[in-house]
Amino acid sequence: MLNHLLTTNELKIEEIHEILHDAMQFKAGMVWKPENQMFAANLFFEASTRTKCSFEVAERKLGLNVIPFEVQTSSVQKGETLYDTVKTLEAIGVEAIVIRHQQDRYFDELVGKVNVPIINGGDGCGHHPTQSLLDLMTIYQEFGRFTGLKVAIIGDIRHSRVARSNADALTRLGAEVVFSGPEEWFDRELSLTSYRPIDEAIEEADVVMLLRVQHERHSQKGSFTANEYHRQYGLTLERERKMKPHSIIMHPAPVNRNVEIADSLVECERSRIFKQMENGVFVRMAVLKRSIESLKGGTNHETTHSERLLHSI
């Protein structure tokens, strides 16, 4: 069975640990390459710098040949469906495909119908599993555990695929997750009992995880100016001074400086924002390795798509 990576919800706890282990081994210098020449393609239907470039570096570090693919110059412009694009790439020999798409759960139309591993590079407001895994790696590097940690996820919760993926994974790994931000951006699917006032959340958290305000996903213009948002819901210099001594700052980026976080805090001693980006390459190498290995008979974690969903919260 192919090892797609579609959501963190579908990963068993032991699979998460295995991916993090491989990622840390890659960071420590482990070399792993497929036995034969292999091809990968990155299909990004939304703008991306970090995720797309990170995947491409990871693929090249593993010795994969990366097929150039730009939506603007592809047959997508002629009306080709996502399914037909993937089947075409599969037919010409591509063996790993990364997709970012504006549609929630775009992958549902592919799973079970294609014979190439699909790695989700982000779907609409749904999931961003490799971002979640690199966040987990960054937290584990810092604390050496998840159990007993309090993680505050703050900001545009409803439109954030990062929030949803991280809340699920961190909770299953034993951390306590609390949310904060504007009430109009709360996500009713997440536990409303976990929402905290911003100052309370920041003062109690071991990890303060800020989210980008995703204007492109808002159906209506927001009611905040940048200054108002920063004052009410951002990590200001004053709030940073009230954080616990050992606590760290994270953000999936791109950062809106002086909106979600004060400019001078982006690269402060507590910040792990660029560490997250660095870890992303190693996590994506581990994820690609897992998918490529599944082409040769799979791993010990072969369960059906529906069975995997049962492991999530």
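Colleague: Why is strand 5 (residues 150-154) called largely enclosed by the rest of the structure?

Modeller: Because 5 of the 5 residues of strand 5 are buried. Buried means under 20% relative accessible area, exposed means over 50%, and partly exposed lies in between (1.4 Å probe, protein chains only). This is a predicted model, where local features need pLDDT of at least 70 and side-chain atom pairs count only at pLDDT 80 or more, while totals for chains, interfaces and linings use all residues. Residues are numbered from 1 along each chain as its sequence is written, and side-chain values use heavy atoms, leaving out hydrogens and water.

Colleague: How do you know which faces of strand 5 are covered?

Modeller: Look at the two sides in turn: Lys150, Ala152 and Ile154 on one and Val151 and Ile153 on the other are all buried, which covers both faces. In a regular strand the side chains alternate between the two faces of the sheet. Strands here are DSSP runs of E with at least two residues, helices are runs of H or I with at least four, and both are numbered from the N terminus.

Colleague: What makes strand 5 and strand 6 a pair?

Modeller: Two strands pair if DSSP finds at least two bridges between them. Strand 5 and strand 6 have 5 bridges, in the parallel sense, so they qualify. Within strand 6, Val177 is the bridge partner of Val151. Strand 5 also pairs with strand 7 (residues 207-210), parallel again and over 4 bridges, with Ile154 opposite Leu210.

Colleague: Why is the unit of strand 5, helix 5 and strand 6 called right-handed?

Modeller: The name applies if, with the strands pointing away from the viewer, the path from the first strand over the helix to the second runs clockwise. Strand 5, helix 5 and strand 6 make such a right-handed β-α-β unit. The crossover from strand 1 through helix 2 to strand 2 is right-handed too.

Colleague: What makes strand 1 largely enclosed?

Modeller: Here 5 of the 6 residues of strand 1 are buried, so the rest of the structure largely encloses it. Strand 1 runs parallel to strand 2, joined by 3 bridges, and Phe39 stands opposite Asn65 there. Strand 1 also pairs in the parallel sense with strand 3 (residues 96-101) over 5 bridges, where Ala40 faces Ala96.

Colleague: Why is the contact of Arg161 and Glu46 called a salt bridge?

Modeller: A salt bridge needs a side-chain nitrogen of Lys or Arg within 4 Å of a carboxyl oxygen of Asp or Glu. The N to O distance for Arg161 and Glu46 is 3.3 Å, so the pair passes. Arg161 lies in helix 5 (residues 161-172) and Glu46 in the loop between strand 1 (39-44) and helix 2 (50-61), so the bridge ties together parts 115 residues apart in sequence. Arg161 is buried at 7% relative accessible area, and Glu46 is buried at 17%. The structure holds 20 salt bridges.

Colleague: How do you know whether Lys52 is buried or exposed?

Modeller: Its relative accessibility is 17%, so Lys52 counts as buried. Its salt-bridge partner Glu70, at 3.0 Å N to O, has 42% and is therefore partly exposed.

Colleague: What makes Arg270 and Glu240 a link between distant parts of the chain?

Modeller: Arg270 sits in the loop between strand 8 (248-250) and helix 9 (273-294), Glu240 in helix 8 (residues 237-240), and they are 30 residues apart. Their side chains form a salt bridge of 2.6 Å, and both residues are buried.

Colleague: Why is the aromatic pair of Tyr106 and Phe107 called edge-to-face?

Modeller: Rings of Phe, Tyr and Trp (its six-membered ring) pair if their centres lie within 6.5 Å; planes under 30 degrees apart count as stacked, over 60 as edge-to-face and the rest as tilted. Tyr106 and Phe107 have 5.3 Å centre to centre and 75° between the planes, so edge-to-face is the right label.

Colleague: And what makes the pair of Phe179 and Tyr195 tilted?

Modeller: Their planes are 40° apart, at 5.5 Å centre to centre, so neither the stacked nor the edge-to-face cut-off is met. Phe179 is buried at 4%, and Tyr195 is buried at 11%. Together with Phe186 they form one aromatic cluster.
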